[in-house]
Amino acid sequence: MERPKSALALVLAARPDLPVYCVRPHAAKKAADWFARNFPGDVLYAVKANPHPAVLDAVRAAGVTWFDVASMPEVELIGGRFPEATMAFMHPVKARSAIRRAYAEFGVRIFALDSHDELQKIIAETNGAKDLNLVIRLAVSGDYAEHKLSGKFGAAGPEAVMLLREARAHACELGVSFHVGSQCMRPEAWRIAMESVSDIIRQAGVTVDIVDVGGGFPAAYPGLTPPPLSAYVDEIRTAFEAMPVLENADLWCEPGRALCAEAGSHIVRVELRKGDALYLNEGGYGALFDAAHDGLVYPTKLLRAKGGPRRPLKPFRLYGPTCDSIDALKGPFFLPGDVHEGDYIEFGMTGAYGSALATKFNGFGEYIEAQVSDAPMLSMYGLARAPHSNVVAMAKSR
Ligand SMILES: Cc1ncc(COP(=O)(O)O)c(C=O)c1O
């Protein structure tokens, strides 16, 4: 297929049977450029958010050469694609074989952990290596994020203090990391987290070489308009400079969503309309997982040839293609009232945790991929031309 300029051009030309994943490498490049230029420290791309090769290449082309990897397949992907890259294995729980292979075969030296037992695993599987950079994941509040990440990982209280002291003895460089939760709407979440991290470091009485403020930087979605990213960077810079316990530490961040959300959209087809319910060929077991399971609302656009009559927008319930009744997207999703079977709808901002989360459940999960060069529907980086009318309607409705 000839490379289309836009999602609309693609639909008009091909009227595809399968959902289409539109990749916009230029949007990932713009976002990574912004972080590389404005974040006052090192930027690691969190590969899990979108491991598409074109997105990885765009992030790399912006000068981001450090990657947050969380599994052996991610280590292999980045190690194979960018042999010169620095990888940080940031999952606090790793298979022994993954630790061993990451260290010995791929030169990984940065490992995250949040427990005594994981520290012992890392020491054993690297044969007591002396060149380890150990990053202790600390628990912080997830109260300001749309998608909380505080339930599973993170050492706290006296256990965290002991772990910092214990890890110091085995670390070439010792770091602390935290994650305020994904799609964090309040910059001050980082200041609050950094104050509690300072407290733990003070109690431990150890020298810390790295402060990794994690991911959580937001993208724009209908009804979720974050402050500008510069407000986040300013808050982090000020809070970092105010950390009384540091002498000469490096600052890192691990954005996922903020680097790739704008780099993807999904075109789906309406297979049936029943009143105000639309049955789609993509859904909650596919790239629209977060809309089904987290209540995230994506901007939508009906893709029809220009020039037709403009219909008033109406709220619709959406269902994915599988037989499971939880395959439903609450929305509300506003679309022209005459939307019908055979129409194509583009969901914007699906670049982060979109196709990365898709499954093959029920025999679905196949899709067409296309690189397009039009602007994302919304942008934190000045890329969107104008908010789509549907988006304005959705934002107003909340
Ligand atoms: C350790 C770690 N770092 C970074 C990220 C990326 O977070 P976000 O996409 O919110 O920026 C995640 C997401 O789960 C994570 O677990």
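At 47% relative accessibility, arginine 15 of this predicted model counts as partly exposed. Arginine 15 sits in the loop that links helix H1 (7-14) to strand E1 (20-23). Although arginine 15 is not a glycine, its phi is positive, at about 35°.

**Other backbone features**

A positive phi also occurs at asparagine 362, a residue other than glycine, where the angle is near 65°. Asparagine 362 belongs to the loop between E17 and strand E18 (368-371), and its relative accessible area of 36% makes asparagine 362 partly exposed. Asparagine 127, which follows H6, likewise has a positive phi, near 55°.

The peptide bond between glycine 331 and proline 332 is cis, with omega of about 10°. Proline 332 lies within strand E16 (residues 328-336).

**Overall architecture**

The protein contains 12 helices and 18 strands. Its C-alpha trace extends over about 70 × 40 × 40 Å along the principal axes. For 398 residues, a compact globule would be expected to have a radius of gyration near 21 Å, and the value of 22 Å for the protein agrees with this. Of the 398 residues, 55% count as buried.

The accessible surface of the protein amounts to about 16400 Å², and carbon and sulfur atoms account for 52% of that surface. Long-range contacts can be described in terms of sequence separation: among contacts between residues at least 6 apart in sequence, 75% join residues at least 24 apart.

**Helix H6 and the loop after it**

Helix H6 covers residues 116-125, and its buried residues are Glu118, Leu119, Lys121, Ile122, Ile123 and Glu125. These buried residues of H6 pack against two helices, H5 (96-106) and H7 (157-168), and against two strands, E5 (110-113) and E6 (133-137).

Glycine 128 is placed in the loop between H6 and E6. With a relative accessibility of 25%, glycine 128 counts as partly exposed. Glycine 128 and proline 228 are 100 residues apart along the chain, and their C-alpha atoms are separated by 44 Å.

**The ligand and its surroundings**

There are 14 residues around the ligand, of which His179, Ser182, Glu254, Arg257 and Tyr353 come nearest. Classified by residue type, this shell comprises five charged, five polar and four nonpolar residues. Three of the residues place a polar atom at the following distances from an oxygen atom of the ligand.

| Residue | Protein atom | Distance to a ligand oxygen atom |
|---|---|---|
| Histidine 179 | polar side-chain atom | 2.9 Å |
| Arginine 257 | backbone N or O atom | 2.9 Å |
| Tyrosine 353 | polar side-chain atom | 2.5 Å |

On its own the ligand has 400 Å² of accessible area, and the protein covers 90% of that area.

**Two buried polar residues**

Histidine 52 occupies the loop between strand E2 (42-46) and helix H3 (53-61). Histidine 52 counts as buried because its relative accessible area, 12%, is under the 20% limit. The side chain of histidine 52 reaches the backbone nitrogen of alanine 54 at a distance of 3.0 Å. With neighbours within four places in sequence left aside, histidine 52 is in contact with Tyr21, Val23 and Glu369.

Glutamate 346 is found in strand E17 (residues 344-347). Its relative accessible area is 2%, so glutamate 346 is buried. The side chain of glutamate 346 forms a polar contact of 2.6 Å with the side chain of serine 265. Apart from neighbours within four places in sequence, the contacts of glutamate 346 include Ala7, Arg24, Ser265, His266 and Ile267, together with Pro299, Thr300, Lys301, Leu303 and Met377. Serine 265 is thus both a polar-contact partner of glutamate 346 and one of the residues listed among its contacts.

Note on methods
Residues numbered from 1 in each chain as written. Predicted model: local features only at pLDDT ≥ 70, side-chain atom pairs only at ≥ 80, totals over all residues. Heavy atoms only, no water. Near = heavy atom within 4 Å. Polar contact = N/O pair within 3.5 Å; in protein donor to acceptor, adjacent residues only side chain to side chain. Areas by Shrake-Rupley, 256 points an atom, 1.4 Å probe, with all protein chains shown as cover. Nonpolar A, V, L, I, M, F, W, Y, C, P; charged D, E, K, R; others polar. Helix = DSSP H or I, 4+ residues; strand = E, 2+ residues; numbered from the N terminus. Buried < 20%, exposed > 50% of the residue type's maximum accessible area, 1.4 Å probe, protein only. Contact = heavy atoms within 4.5 Å. Rg over C-alpha atoms; globule rule 2.2 N^0.38 Å.
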